[in-house]
Amino acid sequence: MTLHSKLRTIGASAILCTALLVLSACGASGGTAKNEVALEGPEETVTLFKQKCMSCHAADLTGRMGADTNLTKVGAKMTKDEIVTQIAEGSNKMPAFKKMLEEQEIEQLADWLSTKK
């Protein structure tokens with residue numbers, strides 16, 4: 001292999017590596033994938049939602065377990081008190097969170113979710 005051929009191979013490898021780095025960086029920087037959606041609201045509440053609720057209700061509130069888990073307009077369908085009860089007591093598909101969350105955390109989530117209309 002000549003020196004010229006080796007340099008071309010190295011150059012092609014460098015270009016390929018650079019392209020892969022650029023493409024991987026694009027995918028990791030705040031795109032529109034569901035798990036990258038920024039939720040608006042009090043930071044503490046959003047963090048709590050992400051830790052305890054996101055696995056079933058998705059990062060964008062659209063739900064992962066069917067239409068019943070969509071929370072994008074839950075405040076238009078349920079009162080804050082109904083949301084508190086739902087979180088605390090659960091339902092057919094949703095587990096009760098009264099033993100996993102403090103009462104104040106349930107209130108916090110219900111306040112926030114009740115604004116989703």
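Where does Leu61 lie? Keep that one in mind; it comes back in Exercise 4. The model you're looking at is predicted, so treat these exercises as a guided walk through a computed structure.

**Exercise 1. Get the overall layout: work out how many helices and strands the protein has.**

Solution.
- Step 1: Count the elements. You should arrive at 6 helices and 0 strands.
- Step 2: Read them off from the N terminus, and the order is α-α-α-α-α-α.
- Step 3: Check burial. Of the 117 residues in the protein, 26% are buried.
- Step 4: Look at how far along the chain the contacts reach. Take contacts between residues at least 6 apart in sequence; 46% of them join residues at least 24 apart.

**Exercise 2. Describe how helix H5 packs against helix H6.**

Solution.
- Step 1: Get the geometry. Two packed helices are described by the angle between their axes and the distance between the axes. For H5 (residues 80-89) and H6 (residues 103-113), the angle is about 135° and the axes are 9 Å apart.
- Step 2: Name the arrangement. Angles over 145 degrees would count as roughly antiparallel, but this pair has an angle of about 135°, so H5 is oblique to H6.
- Step 3: Add the handedness: H5 and H6 cross in a right-handed way.
- Step 4: List who touches whom. H5 brings Lys80, Ile83, Val84, Ile87 and Ala88, while H6 brings Ile106, Glu107, Leu109, Ala110, Asp111 and Leu113.
- Step 5: Sort those residues by character. You get 8 nonpolar, no polar and 3 charged.

**Exercise 3. Now do H2 against H6, and work out which residues meet.**

Solution.
- Step 1: Geometry again. The H2 and H6 axes are 10 Å apart, at an angle of about 100°.
- Step 2: That angle makes H2 roughly perpendicular to H6.
- Step 3: On the H2 side, pick out Glu44, Thr45, Val46, Leu48 and Phe49; on the H6 side, they meet Gln104, Glu105, Gln108, Leu109 and Trp112.
- Step 4: Sort this contact too. It splits into 5 nonpolar, 3 polar and 2 charged residues.

**Exercise 4. Find the positive phi angles in the loop between H3 and H4, and say whether the residues are buried or exposed.**

Solution.
- Step 1: Start with Ala58, which sits in the loop between helix H3 (54-57) and H4. Its phi is positive, about 70°, although Ala58 is not a glycine.
- Step 2: Back to the opening question. Leu61 is in the loop between H3 and H4, and its phi is also positive, near 70°, in a residue other than glycine.
- Step 3: Check accessibility against the cut-off for buried, under 20%. Ala58 has a relative accessible area of 0%, so it is buried. Leu61 comes in at 5%, so it is buried as well.
- Step 4: Look for a partner. Phe49 touches both Ala58 and Leu61, and its other contacts include Leu39, Met54, His57, Leu71, Leu109 and Trp112.

**Exercise 5. Trace the largest nonpolar core and work out which element gives the largest share.**

Solution.
- Step 1: A bit of background: in soluble globular proteins, nonpolar side chains tend to be buried together.
- Step 2: Here the largest nonpolar core has 20 residues, and Phe49, Ile87, Leu101, Leu109, Trp112 and Leu113 have the most contacts inside it.
- Step 3: Two or more residues come from each of helix H2 (43-52), H5 and H6.
- Step 4: H6 gives the largest share, 5 residues.
- Step 5: Turn to burial along H6. Ile106, Gln108, Leu109, Ala110, Trp112 and Leu113 are buried there, and what covers the buried residues of H6 includes H2, H4 and H5.

**Exercise 6. Compare Gly75 and Glu82: which helix holds each one, and how far is it from its partner in space?**

Solution.
- Step 1: Place them. Gly75 is in helix H4 (residues 74-77), and Glu82 is in helix H5.
- Step 2: Accessibility. Gly75 is buried at 12%, whereas Glu82 is partly exposed at 39%.
- Step 3: Distances, C-alpha to C-alpha. Gly75 and Trp112 are 37 residues apart in sequence and 8.9 Å apart in space. Glu82 and Ser114 are 32 residues apart along the chain, with 9.4 Å between them.
- Step 4: Finish with contacts. Beyond its neighbours within four places in sequence, Gly75 contacts Leu113, Ser114, Lys116 and Lys117.

Terms used: Residues numbered from 1 in each chain as written. Predicted model: local features only at pLDDT ≥ 70, side-chain atom pairs only at ≥ 80, totals over all residues. Heavy atoms only, no water. Axes fitted to C-alpha atoms, helices over the stretch in contact; angles between N-to-C directions. Helix = DSSP H or I, 4+ residues; strand = E, 2+ residues; numbered from the N terminus. Parallel < 35°, antiparallel > 145°, perpendicular 65-115°, else oblique. Left-handed = near helix turned anticlockwise from the far one by under 90°. Contact = heavy atoms within 4.5 Å. Nonpolar A, V, L, I, M, F, W, Y, C, P; charged D, E, K, R; others polar. Core = buried A, V, L, I, M, F, W, Y, C linked by side-chain atoms within 4.5 Å. Buried < 20%, exposed > 50% of the residue type's maximum accessible area, 1.4 Å probe, protein only.
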